[in-house]
Number of protein chains: 2
Amino acid sequence: MRIGELAQQAGVTTKALRFYERAGVLPEPARSPSGYRNYDETALSRLRFIKGAQAAGLTLAEIVQIVAVREAQGPPCAHVVALLDRHAVDLDLRIAGLVSARDDVERLRERAAELDPADCAADGICHIIPTKASNDAVAAPEPG
Amino acid sequence: MRIGELAQQAGVTTKALRFYERAGVLPEPARSPSGYRNYDETALSRLRFIKGAQAAGLTLAEIVQIVAVREAQGPPCAHVVALLDRHAVDLDLRIAGLVSARDDVERLRERAAELDPADCAADGICHIIPTKASNDAVAAPEPG
DNA sequence: GTAGACGTTCCAGCACAGTGGAAGGTCAAG
DNA sequence: CTTGACCTTCCACTGTGCTGGAACGTCTAC
């Protein structure tokens with residue numbers, strides 16, 4: 001199976017396949033005498049695994065790890081669960097960060113509604129955006 | 001005011017200051033005869049604005065826009081509000097994406113608890129990760 | 001024999017906000 | 001006069017997952 005055929009069946013580009021090979025997630029295939037890559041069936045199931053793992057949010061580096069564990073010591077399930085756990089924590093952190101950022105933006109928009117553009121001093125560029133001096137006004141909108 | 005002094009007062013590195021200048025968020029300062037940058041007071045308030053805008057999640061490119069609008073047509077409040085709106089939408093999208101990814105990971109962990117590593121076939125690498133053929137098992141865990 | 005559709009390699013770039021380092025100029029103090 | 005702290009410029013690199021293109025080889029069909 002040539003690279004273009006595999007690419008089509010797997011729904012990726014040939015560029016991506018060569019990239020996967022260099023990244024170590026896809027094993028180096030056999031070559032024809034003229035140097036063309038010659039893939040077998042296992043390449044397709046490997047690619048399916050890669051896509052599934054990516055859909056689960058794993059990076060290529062992590063997929064390399066999983067494949068290595070599988071090849072070194074059999075079923076990598078424990079490793080995969082640990083990876084998923086770490087990702088869950090990471091996702092929670094990032095979600096919390098984004099939610100907090102979203103809240104900040106919301107507060108800024110409320111602040112904007114109360115301010116008059118005419119009061120906007122030139123050296124502050126825009127009075128909607130709090131500078132360090134007035135930062136606590138955003139962190140605690142209603143101190144009293 | 002020399003660059004090191006400004007950097008210290010603003011709480012950034014001199015590298016960052018030169019980077020801001022090249023990015024266009026910080027205006028080019030006057031130079032001493034020997035080529036040293038010579039900042040005035042406005043640089044500090046500009047930096048405070050930059051930090052505030054970054055804290056609000058705006059990119060340097062957007063900050064450049066805001067500054068340009070301010071200098072071209074006065075208070076950029078409407079522009080800033082539009083930017084904040086766009087960021088709110090963007091944040092919502094990204095939060096939704098991450099939450100969905102988090103749910104996927106959670107489902108995968110539940111699936112892992114039900115599976116026995118002994119059943120893990122080699123060509124799938126790890127049966128916790130669903131391949132395309134069994135994808136709907138994850139999308140709809142309880143079809144019936 | 002030649003056109004065109006494939007294949008190969010390597011190098012560069014994207015977005016983002018900087019950081020690190022090299023090679024050299026400047027300034028104040030001792 | 002020299003040391004050391006500071007300044008200047010420019011180029012490369014970080015992380016992530018590819019993509020685009022150049023320059024060239026190969027295979028198939030007409």
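**Two copies, one shared surface, and a DNA strand**

Because 100% of the interface residues of chain A are also interface residues in chain B, the copies meet through the same surface. This arrangement belongs to a predicted model, and it can be followed further by asking how one copy is placed relative to the other. In general, two copies of a chain are related by a rotation about an axis and a shift along it. Here chain A is superposed on chain B, with an RMSD of 0.1 Å, by a rotation of 180° with 0.0 Å of shift along its axis. The two copies are thus related as by a two-fold rotation axis, and the residue of chain A that comes closest to this axis is Ile95(A), whose C-alpha lies at 3.0 Å.

Within chain A, helix 3 covers residues 41–55, and its 15 residues reach 22 Å from the first C-alpha to the last, which is close to the 21 Å expected at 1.5 Å a residue. Several residues of this helix are buried, among them Leu47(A), Phe49(A) and Ile50(A), as well as the arginines Arg46(A) and Arg48(A). The cover over the buried residues of helix 3 includes helix 1, helix 2 and helix 4 of chain A. After helix 3 comes Gly57(A), which has a positive phi, near 90°.

The DNA brings both chains together again. Of the 18 residues around DNA strand C, those that come nearest include Gly4(A) and Arg37(A) from chain A, and Ser34(B) and Thr59(B) from chain B. Helix 2 of chain B gives the most to this surface, with 3 residues, and by class the surface has 6 nonpolar, 8 polar and 4 charged residues.

How values were computed. Residues numbered from 1 in each chain as written. Chains lettered and ligands numbered in written order. Predicted model: local features only at pLDDT ≥ 70, side-chain atom pairs only at ≥ 80, totals over all residues. Near = placed C-beta within 6 Å. Helix = DSSP H or I, 4+ residues; strand = E, 2+ residues; numbered from the N terminus. Nonpolar A, V, L, I, M, F, W, Y, C, P; charged D, E, K, R; others polar. Expected span 1.5 Å × (residues − 1). Buried ≥ 20, exposed ≤ 12 C-beta atoms within 10 Å, placed from the backbone. Contact = placed C-beta atoms within 7 Å. Least-squares fit on C-alpha atoms with pLDDT ≥ 70 in both.
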